[in-house]
Amino acid sequence: MQFFFSRAGTGGYPAVLVQNTAFRAHPQDVLSPFGTLVAVLPDNPDAYLSHEPTGRRFALANGQSWAIGRGDGCQVVLDSRSVSRLHALIQRKDAGDFQLVDLGSRNGSFINGKRVSVPVLLRDADRLVVGDQEMVFRTSAPAPQPASVTDLRNAPTTALHSNRLATILVVDIRDYTPLARTISESLLSQTIGTWFLRSGQILQRQGSWAQKYIGDAVMAIWVHDDVTRVAADVRSALTAAADIAAATEEISGALPLPAPLRIGAGLNTGPAILGGADYTAIGDAVNAAFRLEAATKMLGGGMALGDAAYRELKLASPGPFTRREVELKGYEAPSTAWAVSFVALRAFLADQPR
């Protein structure tokens, strides 16, 4: 089984990665295969969505993402005006679990009567309502369990690609919990879903090999197969962060939120272990990216770069980047970080050669 990864998006429609194909919400969009990855986790041939009014079954057997909507390109097509053209996604996680992601739909997505605001794990017999359409999620796999330390001695071996140089970008919505407590469920879902959708479009446009939605954050990975392009890829990641910040401002201005929506971003470059059906990255470089994002609250800027990512830029002078020594959680010694505001970052990128 092969999975193709898109480096670009066209027409403003996000690519959804599926087995041997690249789906786009617009039927005229064309995607060229860019890279392959051998899946090492077994498919679940028994997973499907049951649309009881019509008796249809939508198999969730091959691939890692399935689009739900009334658009022609969706894998789960629901013929109802209350369903958006690209309404929601079902994504398969590395462990084989499935989650539902609402994409800022007008009428929302619900699991067992509860509106989906952030990605939610699915369990067998969960009832999904998309617009006015109801489906039942069925799977023979065990119910997903909370993350814990387990005995892996008898677990299937997962192929990992170690010592791959990668750049990891983590972007997180600030003060999500207070926001969730002060606005309606409908507005929260529209806000977060739209933010996920816009972020995914931007990351694909800037060449990210894969994206993962984690709670109220998104992580993107650039794998540096060509070491001569590392600096260019780091600039692409910086551009993605700046564009997500601009999109966040647009979303915040368009919706009746009690306060401006804000984000923080961490960027790090280093060796990472890559594996799984959606190019999951683990390792110190990934951990540091998350810690750098968290450090932006203390640094006061919108974004923090690890020293390795900053050095890849090969700048004659620091420019808008300010060197800081920060205490990152889980690290004994202080780490060097380079802080920058999104306004200064946009001005810096505008002056860079294209």
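1. Arg-262 counts as partly exposed, with a relative accessibility of 42%. Please keep in mind as you read on that this is a predicted model. The partner to look at is Asp-175, which is also partly exposed, at a relative accessible area of 47%. The two side chains meet in a salt bridge, with 2.8 Å from N to O. Arg-262 sits in the loop between α3 and β17 (263–275), while Asp-175 sits in the loop between β14 and α1 (176–182), so this contact ties together parts that are 87 residues apart in sequence. Elsewhere, salt bridges with shared partners join Glu-52, Arg-127 and Glu-134 into one network.

2. How many salt bridges does a search of the whole structure find? The search gives eleven. One of them brings together Asp-225 and Arg-164, whose closest N and O atoms are 2.4 Å apart. This pair links distant parts of the chain, 61 residues apart: Asp-225 belongs to the loop between β16 (217–223) and α3 (230–254), and Arg-164 to strand β14 (residues 160–173). Asp-225 has a relative accessible area of 48%, so this residue is partly exposed; the boundary for exposed is over 50%.

3. Another salt bridge is formed by the side chains of Asp-124 and Arg-138, at 2.8 Å from N to O. Since Asp-124 is in the loop between β11 (120–121) and β12, and Arg-138 is in strand β13, the contact ties together parts 14 residues apart in sequence. Both ends are partly exposed: Asp-124 at 35% relative accessibility, and Arg-138 with a relative accessible area of 32%.

4. Strand β13 leads us to an open sheet. Its six strands come in the order β4-β3-β13-β12-β9-β10, and the pairing is antiparallel. Why is one side of β4 (56–59) and of β10 (114–115) left without a neighbour in the sheet? These two strands stand at the edges and each has a single partner strand, so nothing in the sheet flanks the other side. Further in, β12 (residues 127–130) and β13 (residues 133–138) run antiparallel and are joined by four bridges. One place to check the register is Val-130, whose bridge partner in β13 is Gln-133.

5. Helix α2 (residues 185–205) is a friendly one to check geometrically. The helix has 21 residues and reaches 30 Å from first C-alpha to last, close to the 30 Å expected at 1.5 Å a residue. Is α2 largely enclosed or largely open? With 15 of its 21 residues buried, the helix is largely enclosed by the rest of the structure. Both ends have a detail to look up. At the start, a side-chain oxygen of Ser-184 comes within 3.1 Å of the backbone nitrogen of Leu-187. Just after the helix, Gly-207 adopts a positive phi of about 90 degrees.

6. Strand β19 (residues 303–306) is worth viewing side on. Met-303 and Leu-305 point one way, Ala-304 and Gly-306 point the other way, and all are buried. The strand pairs with β21 (residues 335–340) in the antiparallel sense, over four bridges. Opposite Met-303 you will find Val-340 of β21.

7. On to the rings: the whole structure contains six aromatic pairs. Tyr-310 and Phe-321 make an edge-to-face pair, with centres 5.8 Å apart and 70 degrees between the planes. Tyr-310 is in helix α5 (residues 307–312) and Phe-321 in the loop between α5 and β20 (322–326), so the pair ties together parts eleven residues apart in sequence. Tyr-310 and Phe-321 are both buried.

8. What arrangement do the rings of Tyr-310 and Trp-338 take? Their centres are 3.7 Å apart and their planes lie at 10 degrees, so they count as stacked. Here helix α5, which holds Tyr-310, is linked with strand β21, which holds Trp-338; the two residues are 28 residues apart. Tyr-310 is buried at 9% relative accessibility, and Trp-338 is buried at 8%. Ring pairs link Tyr-310, Phe-321, Trp-338 and Phe-348 into a cluster. If you select that cluster, keep β19 in the picture too, as β21 is its antiparallel partner.

Notes. Residues numbered from 1 in each chain as written. Predicted model: local features only at pLDDT ≥ 70, side-chain atom pairs only at ≥ 80, totals over all residues. Heavy atoms only, no water. Pairing = 2+ DSSP bridges. Buried < 20%, exposed > 50% of the residue type's maximum accessible area, 1.4 Å probe, protein only. Salt bridge = Lys/Arg side-chain N within 4 Å of Asp/Glu carboxyl O. Expected span 1.5 Å × (residues − 1). Polar contact = N/O pair within 3.5 Å; in protein donor to acceptor, adjacent residues only side chain to side chain. Phe/Tyr/Trp six-rings, centres within 6.5 Å; stacked < 30°, edge-to-face > 60°.
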